[in-house]
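Reader: I should like to go through the terms used for this model one at a time, and to hear on what grounds each of them is applied.

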Amino acid sequence: MIDYISGKIAELTPTRVVVDNQGIGYSIEISLQTYAALEGKESAKVYIYHHLQTNSDTELYYGFASKDERALFETLISVSGVGVNTARIILSSLSADELRTAILSENVNTIKSVKGIGLKTAQRMILELKDKIVKGEGSASDALFIAESNAAADEATTALVMLGFTKPNVAKAVQAILKQHPTAKVEEIIKAALQML
């Protein structure tokens, strides 16, 4: 599995970037959020979602400027009726914070304002995602910034999710631990989180 591709930006449009990595040009589908983050830059690190279309042999890479946007994309496509293209349109129309706020406040009209999203899909998204979305996750609040820049926190989060805990609950626990112990090691974070979860 490819986690990210980094290299020189060979081509950039609002829907696609070509990243040259050691002479190989990777064509990657992107959202407007990612386009805005890459615009004007010479090189990029793009987090990848590898999509295989079931009814054909087509392979597509969807790329994101941040792990947060990729996680949101993966959450969106878990909703029945929301495919990869629809998820990309949603992330091009609304910022991550706007989308989270709309889901948590059950604002059907904001979600419905996205091209191709009808009332039923908007309601289904709210119903299925309300418990999966953590308000402010991925934003630059202090605790989250510490968690994002902390490799130990990332490793601990991954391990806890693999143990079967939900990502929002794990994120809350890890943030609380790092607020009290910013330099905690992976094992310490996991042990403390297991007592809280």
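Author: Contact here means heavy atoms within 4.5 Å. By that rule, and leaving aside residues up to four places away in sequence, Val17 touches Ile9, Glu11, Leu12, Tyr26, Ser27, Ile28, Ile30 and Leu38. Please keep in mind throughout that this is a predicted model.

Reader: What makes Val17 count as buried or exposed?

Author: Buried means under 20% relative accessible area, and Val17 has a relative accessible area of 0%, so Val17 is buried. The residue is found in strand β2, which covers residues 16-21.

Reader: Why is Gln22 called exposed, and where does Gln22 lie?

Author: The term exposed requires over 50%; Gln22 has a relative accessible area of 79% and is therefore exposed. Gln22 lies in the loop between β2 and β3, the latter being residues 24-30. Its phi is positive, about 50 degrees, although Gln22 is not a glycine.

Reader: Why is Glu106 called partly exposed?

Author: Partly exposed is the class between the limits of 20% and 50%, and Glu106, at 44% relative accessibility, therefore belongs to that class. Glu106 follows α4 and lies in the loop between α4 and α5. Its phi, near 55 degrees, is a positive value in a residue other than glycine. As background, most residues other than glycine have a negative phi.

Reader: How do you know that the buried residues of α6 are on the same side of that helix?

Author: In α6 the buried residues are Thr121, Ala122, Met125, Ile126 and Leu129. They cover an arc of only 135 degrees around the axis, and because of this they are placed on the same side of α6. On the other side of α6, Lys120 and Leu127 are exposed, while the buried residues pack against α2, α3, α4 and α5, the last of these spanning 108-112.

Reader: What can be said in the same way of the buried residues of α4?

Author: Those residues are Ala96, Leu99, Arg100, Ala102 and Ile103. Their arc around the axis is only 165 degrees, which means that they are on the same side of α4. What covers them includes α1 (32-38), α2, α3, α5 and α6.

Reader: Which residues touch the most other members of the largest nonpolar core, and which elements contribute to this core?

Author: The largest nonpolar core has 24 residues, of which Leu76, Ile90, Leu99, Ile111 and Met125 touch the most other members. Two or more residues of this core come from each of β5 (59-64), α2 (67-76), α3 (84-93), α4 (96-104) and α6 (119-129). Not counting residues up to four places away in sequence, Leu76 touches Val82, Ala87, Ile90, Leu91, Leu99, Met125 and Leu129. Apart from this core lies another one, of 14 residues, including Val170, Ala173, Ile177 and Ala193.

Reader: What makes Lys45 a charge over the ring of Tyr4?

Author: The distance limit is within 6 Å of the ring centre, and the charged end of Lys45 sits over the ring of Tyr4, 4.2 Å from its centre.

Reader: Where should the coordinates be read with caution?

Author: Over residues 135-149 the pLDDT stays under 50, although the model has 24 contacts there beyond four places in sequence. Where pLDDT is low, the predicted coordinates should not be read in detail. The protein chain averages a pLDDT of 85, and 91% of the residues score at least 70.

Technical notes. Residues numbered from 1 in each chain as written. Predicted model: local features only at pLDDT ≥ 70, side-chain atom pairs only at ≥ 80, totals over all residues. Heavy atoms only, no water. Lys NZ or Arg CZ within 6 Å of the ring centre and 35° of its normal. pLDDT = per-residue confidence, 0-100. Helix = DSSP H or I, 4+ residues; strand = E, 2+ residues; numbered from the N terminus. Buried < 20%, exposed > 50% of the residue type's maximum accessible area, 1.4 Å probe, protein only. Core = buried A, V, L, I, M, F, W, Y, C linked by side-chain atoms within 4.5 Å. Arc of directions from axis to C-beta.
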